[in-house]
Amino acid sequence: MTLSLRHLDLFGTEDLVAALASDERPPHGLAGMVDWRLAGRLSRLIESGFATGNAGEVLLVPGKPRLPFDKVVLFGIGPVAEFDEAVFRSVVENMLATLEGLRSRTAVVELPGRHWGAIAPERAADILLESAGSRREHDVWTLVETTEGQRAITQHLVQERRRNRED
(Lines give C-alpha, C1' and ligand atoms only; values in the text may rest on other atoms or scores of the structure.)
Protein backbone atom coordinates (compact mmCIF):
# COMPACT_ATOMS: atom_id res chain seq x y z
CA MET A 1 0.00 0.00 0.00
CA THR A 2 1.32 3.43 -0.85
CA LEU A 3 1.23 6.23 1.66
CA SER A 4 -1.86 8.41 1.40
CA LEU A 5 -4.67 9.37 3.73
CA ARG A 6 -7.19 8.33 1.09
CA HIS A 7 -5.80 4.78 1.07
CA LEU A 8 -5.72 4.64 4.86
CA ASP A 9 -9.41 5.54 5.01
CA LEU A 10 -10.25 2.40 3.03
CA PHE A 11 -8.87 -0.03 5.61
CA GLY A 12 -11.01 -1.58 8.29
CA THR A 13 -8.15 -3.01 10.33
CA GLU A 14 -7.96 -2.68 14.08
CA ASP A 15 -4.67 -0.87 14.36
CA LEU A 16 -2.31 1.45 12.59
CA VAL A 17 1.36 1.02 13.53
CA ALA A 18 4.26 3.39 12.85
CA ALA A 19 7.63 4.45 14.17
CA LEU A 20 8.47 7.71 15.87
CA ALA A 21 12.08 8.97 15.85
CA SER A 22 13.32 11.02 18.79
CA ASP A 23 14.80 13.70 16.53
CA GLU A 24 12.24 13.95 13.71
CA ARG A 25 10.20 17.03 14.49
CA PRO A 26 7.53 17.19 13.28
CA PRO A 27 7.07 13.45 12.79
CA HIS A 28 7.51 12.16 9.25
CA GLY A 29 6.19 9.21 7.28
CA LEU A 30 3.03 7.54 8.50
CA ALA A 31 3.38 9.15 11.95
CA GLY A 32 3.40 12.55 10.25
CA MET A 33 0.23 11.72 8.32
CA VAL A 34 -1.45 10.57 11.51
CA ASP A 35 -0.34 13.76 13.26
CA TRP A 36 -1.86 15.84 10.47
CA ARG A 37 -5.15 13.88 10.52
CA LEU A 38 -5.31 14.16 14.33
CA ALA A 39 -4.87 17.95 14.06
CA GLY A 40 -1.36 17.94 15.54
CA ARG A 41 -2.14 15.74 18.52
CA LEU A 42 1.14 13.80 18.22
CA SER A 43 3.10 17.06 17.93
CA ARG A 44 1.45 18.33 21.11
CA LEU A 45 2.29 15.08 22.92
CA ILE A 46 5.89 15.49 21.78
CA GLU A 47 6.00 19.16 22.76
CA SER A 48 4.69 18.36 26.23
CA GLY A 49 7.35 15.65 26.67
CA PHE A 50 4.74 12.89 27.01
CA ALA A 51 5.98 11.29 23.77
CA THR A 52 9.71 11.24 23.04
CA GLY A 53 10.38 8.74 20.26
CA ASN A 54 13.13 7.24 22.41
CA ALA A 55 14.04 3.63 21.69
CA GLY A 56 11.67 1.25 23.43
CA GLU A 57 8.85 3.76 23.88
CA VAL A 58 5.34 2.60 22.93
CA LEU A 59 2.57 5.16 22.59
CA LEU A 60 -1.08 4.17 22.20
CA VAL A 61 -3.43 6.83 20.80
CA PRO A 62 -7.12 6.42 19.91
CA GLY A 63 -7.63 6.55 16.16
CA LYS A 64 -11.36 7.03 15.91
CA PRO A 65 -13.25 9.13 14.90
CA ARG A 66 -10.64 10.92 12.73
CA LEU A 67 -9.07 7.68 11.49
CA PRO A 68 -10.73 4.34 10.64
CA PHE A 69 -8.50 2.53 13.17
CA ASP A 70 -9.38 1.75 16.77
CA LYS A 71 -5.81 2.28 17.90
CA VAL A 72 -2.71 4.05 16.63
CA VAL A 73 0.40 2.44 18.10
CA LEU A 74 3.68 4.34 17.76
CA PHE A 75 7.06 2.80 18.54
CA GLY A 76 10.06 4.90 19.50
CA ILE A 77 13.20 4.18 17.50
CA GLY A 78 15.63 6.74 18.98
CA PRO A 79 17.66 9.16 16.86
CA VAL A 80 17.64 8.71 13.08
CA ALA A 81 21.46 8.73 12.95
CA GLU A 82 21.63 5.72 15.30
CA PHE A 83 19.07 3.67 13.38
CA ASP A 84 20.49 0.39 12.09
CA GLU A 85 19.46 -3.20 11.49
CA ALA A 86 19.70 -4.05 15.20
CA VAL A 87 17.30 -1.20 16.07
CA PHE A 88 14.99 -2.32 13.27
CA ARG A 89 14.93 -5.90 14.57
CA SER A 90 14.32 -4.75 18.14
CA VAL A 91 11.43 -2.47 17.14
CA VAL A 92 9.83 -5.16 14.97
CA GLU A 93 10.03 -7.64 17.87
CA ASN A 94 8.45 -4.99 20.11
CA MET A 95 5.71 -4.40 17.52
CA LEU A 96 4.90 -8.11 17.36
CA ALA A 97 4.85 -8.50 21.15
CA THR A 98 2.77 -5.37 21.70
CA LEU A 99 0.18 -6.29 19.10
CA GLU A 100 -0.02 -9.78 20.61
CA GLY A 101 -0.63 -8.21 24.02
CA LEU A 102 -3.36 -6.02 22.55
CA ARG A 103 -4.86 -9.10 20.87
CA SER A 104 -4.69 -7.32 17.53
CA ARG A 105 -5.01 -9.60 14.56
CA THR A 106 -4.96 -7.05 11.74
CA ALA A 107 -2.89 -3.90 11.33
CA VAL A 108 -1.64 -1.41 8.80
CA VAL A 109 2.11 -1.15 9.49
CA GLU A 110 4.89 1.14 8.36
CA LEU A 111 8.07 -0.73 9.19
CA PRO A 112 10.63 1.39 11.08
CA GLY A 113 13.07 3.32 8.94
CA ARG A 114 11.33 2.53 5.67
CA HIS A 115 9.91 6.01 5.10
CA TRP A 116 13.42 7.40 4.71
CA GLY A 117 14.98 4.26 3.21
CA ALA A 118 17.21 3.40 6.17
CA ILE A 119 16.79 -0.30 5.50
CA ALA A 120 16.27 -1.99 2.15
CA PRO A 121 12.74 -3.29 1.59
CA GLU A 122 13.98 -6.83 0.95
CA ARG A 123 15.99 -6.91 4.17
CA ALA A 124 13.09 -5.40 6.11
CA ALA A 125 10.79 -8.15 4.80
CA ASP A 126 13.33 -10.87 5.68
CA ILE A 127 13.70 -9.61 9.26
CA LEU A 128 9.94 -9.25 9.65
CA LEU A 129 9.38 -12.82 8.48
CA GLU A 130 12.19 -14.13 10.72
CA SER A 131 10.77 -12.27 13.71
CA ALA A 132 7.18 -13.32 13.07
CA GLY A 133 8.39 -16.90 12.65
CA SER A 134 5.92 -19.30 14.16
CA ARG A 135 3.77 -16.64 15.80
CA ARG A 136 0.24 -17.32 14.64
CA GLU A 137 -1.33 -14.35 16.41
CA HIS A 138 -0.93 -12.00 13.46
CA ASP A 139 -3.37 -12.79 10.70
CA VAL A 140 -2.84 -9.80 8.44
CA TRP A 141 -0.34 -6.98 8.34
CA THR A 142 -0.74 -4.55 5.47
CA LEU A 143 2.63 -2.90 4.91
CA VAL A 144 2.84 0.76 3.98
CA GLU A 145 5.43 0.87 1.19
CA THR A 146 6.32 2.88 -1.86
CA THR A 147 5.51 1.32 -5.21
CA GLU A 148 9.22 0.54 -5.70
CA GLY A 149 9.41 -1.03 -2.23
CA GLN A 150 6.35 -3.17 -2.96
CA ARG A 151 7.93 -4.40 -6.21
CA ALA A 152 11.26 -5.12 -4.54
CA ILE A 153 9.65 -7.09 -1.71
CA THR A 154 7.44 -9.08 -4.10
CA GLN A 155 10.36 -9.94 -6.40
CA HIS A 156 12.52 -10.87 -3.42
CA LEU A 157 9.87 -13.17 -1.96
CA VAL A 158 9.33 -14.87 -5.33
CA GLN A 159 13.09 -15.44 -5.65
CA GLU A 160 13.27 -16.82 -2.09
CA ARG A 161 10.40 -19.25 -2.79
CA ARG A 162 12.16 -20.46 -5.94
CA ARG A 163 15.44 -20.84 -4.09
CA ASN A 164 13.74 -22.79 -1.29
CA ARG A 165 12.07 -25.13 -3.81
CA GLU A 166 15.42 -25.86 -5.45
CA ASP A 167 17.08 -26.69 -2.11
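Axes here are lines fitted to C-alpha atoms, for helices over the stretch in contact, and the angles between them run from 0 to 180 degrees between N-to-C directions. With that in mind, this tour goes through a predicted model, beginning with a pair of helices and then turning to the sheet.

Select residues 85-101, which make up helix H4, together with residues 121-132, which make up helix H5: their axes come within 10 Å and cross at roughly 45 degrees. The two helices, H4 and H5, are therefore oblique to each other, and their crossing is right-handed. To see where they touch, show the side of H4 that carries Glu85, Phe88, Arg89, Val92, Glu93 and Leu96, which meet Arg123, Ala124, Ile127, Leu128, Glu130, Ser131 and Ala132 in H5. Coloured by character, the residues of this contact between H4 and H5 divide into 7 nonpolar, 1 polar and 5 charged.

Next, display the strands, of which 5 form an open sheet with mixed pairing, in the order E2-E3-E1-E4-E5. At its edges are strand E2 (58-62) and strand E5 (140-143), each of which pairs on one side only, and from one strand to the next the twist averages 25 degrees. Within the sheet, select residues 15-21 for strand E1 and residues 106-109 for strand E4, which pair in the parallel sense over 3 bridges; valine 17 has valine 109 in E4 as its bridge partner.

Finally, bring the helices back over the sheet. Helix H2 (residues 29-37) lies across E1 and strand E3 (71-78), and runs at about 110 degrees to E1, while H4 lies across E1, E2, E3, E4 and E5, running at about 155 degrees to E3.

Key:
Residues numbered from 1 in each chain as written. Predicted model: local features only at pLDDT ≥ 70, side-chain atom pairs only at ≥ 80, totals over all residues. Heavy atoms only, no water. Helix = DSSP H or I, 4+ residues; strand = E, 2+ residues; numbered from the N terminus. Parallel < 35°, antiparallel > 145°, perpendicular 65-115°, else oblique. Left-handed = near helix turned anticlockwise from the far one by under 90°. Contact = heavy atoms within 4.5 Å. Nonpolar A, V, L, I, M, F, W, Y, C, P; charged D, E, K, R; others polar. Pairing = 2+ DSSP bridges.
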